[in-house]
Amino acid sequence: MAHDHPGHRHDDHDHDHAHGHDHGHGAHGHAHSHDHSHGPGGHSHAPKDFGRAFAIGVGLNFAFVLAETAAGLWSGSLALLADAGHNLSDVLSLLLAWGATILAKAAPTGRRTYGLRKATILASLANAVLLLVAVGVIVSEAIHRFSEPADIATWPVMIVAAIGVVINTATALMFMKGHEDLNVRGAFLHMAADAAVSLAVVIGAGLIALTGLLWIDPALSLLIAAVIVIGTWALLRDSVDLALDAAPRGVDVEAVRAWLTSRPGVTEVHDLHIWAMSTTEVAMTAHVTRPDNENADDFLHAVCEGLASKFGIGHATLQVETGHAACRLANAI
């Protein structure tokens with residue numbers, strides 16, 4: 001049995017490892033690609049470091065929760081107290097997302113061979129659920145306010161809510177550049193939703209001060225709840241998909257299959273699977289039939305490099321078959 005191990009190529013942006021195993025009977029070959037690319041098509045092993053942003057966001061928002069709770073008790077504003085509870089849920093979601101990014105950097109172990117990268121997917125799913133729970137609280141409070149309007153000390157409410165707009169907007173901006181990571185995107189949506197809710201409280205309190213119409217507050221709350229649901233639905237959908245090992249959005253499975261099939265000497269591709277290792281990394285396995293399998297090492301290197309640069313698949317494992325022996329997974333999708 002002969003084993004051919006191609007060399008390793010290093011440059012400033014890519015770090016690919018391909019291992020070809022050419023058995024004596026020529027039936028099978030395996031390639032493993034681990035791309036550490038920082039280019040547009042590659043994905044780094046660890047998520048971007050938003051530790052500082054999480055720390056600032058948690059500190060600012062927790063301080064604001066304390067201030068908002070005190071102001072709500074002093075002014076008798078149920079709206080402020082409800083918003084404080086909503087903001088507290090977001091502090092917890094930030095802590096959850098922050099913890100997930102830390103877990104994602106944990107080294108693989110003998111049992112958890114991918115490490116804890118999938119914690120980022122679970123955190124993004126939990127964040128989406130928390131947002132929808134917060135919406136349920138807002139809607140419930142709004143319906144209650146329609147039937148039992150409550151007087152509001154409008155000026156204290158407007159001042160404190162305005163501070164909330166500034167804090168939540170500043171926190172959201174710190175996560176603006178992380179939208180390719182569902183976990184960071186969830187944190188951004190939380191903070192953006194909080195800023196919108198606080199702004200609605202400011203506007204509502206101002207209109208109530210001018211008109212005396214107490215129904216304005218719950219009406220605006222329902223409108224904000226609808227906006228949050230629309231913004232959260234995509235996050236929830238994508239998080240569930242990744243948790244179930246669906247191909248990430250933006251990766252066209254059939255396009256990958258067609259590209260692999262068009263590689264030199266390839267006659268068939270089967271048992272193709274593409275899934276997310278984390279919210280920023282994509283993995284793939286496939287069986288590739290290549291009867292002649294000439295220049296096997298060069299072929300494996302070229303294919304793995306192409307998958308990383310064209311499709312953002314940084315972890316590709318290929319089993320090359322000559323077709324001389326039937327593969328038991330030949331009929332797999």
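The following exercises, with worked solutions, concern nonpolar cores, a surface patch and salt bridges in a predicted model.

The model is predicted, with local features needing pLDDT of at least 70 and side-chain atom pairs counting only at pLDDT 80 or more, while totals for chains, interfaces and linings use all residues. Residues are numbered from 1 along each chain as its sequence is written, and side-chain values use heavy atoms, leaving out hydrogens and water.

**Exercise 1.** Identify the residues with the most contacts inside the largest nonpolar core, and the helices that supply this core.

Step 1. A nonpolar core is a set of buried Ala, Val, Leu, Ile, Met, Phe, Trp, Tyr and Cys residues joined through side-chain atoms within 4.5 Å. Buried means under 20% relative accessible area, exposed over 50%, and partly exposed in between (1.4 Å probe, protein chains only).

Step 2. The largest core has 26 residues, and Phe 54, Leu 94, Phe 175 and Ile 228 have the most contacts inside it.

Step 3. At least two residues of this core come from each of α1, α2, α3 (119-147), α5 (182-211) and α6 (216-243); helices are DSSP runs (H or I, at least four residues), numbered from the N terminus. The largest share, 8 residues, is that of α5.

Step 4. Beyond its neighbours within four places in sequence, Leu 94 has contacts (heavy atoms within 4.5 Å) that include Phe 54, Phe 175 and Met 191.

**Exercise 2.** Locate the nonpolar surface patch and state which helix gives the most to it.

Step 1. Patches consist of residues with over 30% relative accessible area and no salt bridge, like charges being joined within 9 Å and nonpolar side chains (Val, Leu, Ile, Met, Phe, Trp, Tyr) within 5 Å.

Step 2. Phe 62, Leu 66, Leu 88, Leu 92 and Leu 95 make up the patch, together having about 450 Å² of accessible area (Shrake-Rupley method, 1.4 Å probe, with only the protein chains shown counting as cover for residues).

Step 3. Both α1 (51-75) and α2 (78-104) supply at least two residues, and α2 gives the most, with 3.

**Exercise 3.** Determine which parts of the chain the salt bridge between Lys 118 and Asp 245 ties together.

Step 1. A salt bridge places a side-chain nitrogen of Lys or Arg within 4 Å of a carboxyl oxygen of Asp or Glu. The N to O distance for Lys 118 and Asp 245 is 2.3 Å.

Step 2. Lys 118 lies in the loop between α2 and α3 and Asp 245 in the loop between α6 and α7 (253-261), so the pair ties together parts 127 residues apart in sequence.

Step 3. Lys 118 is partly exposed at 29% relative accessibility, and Asp 245 is partly exposed at 39%.
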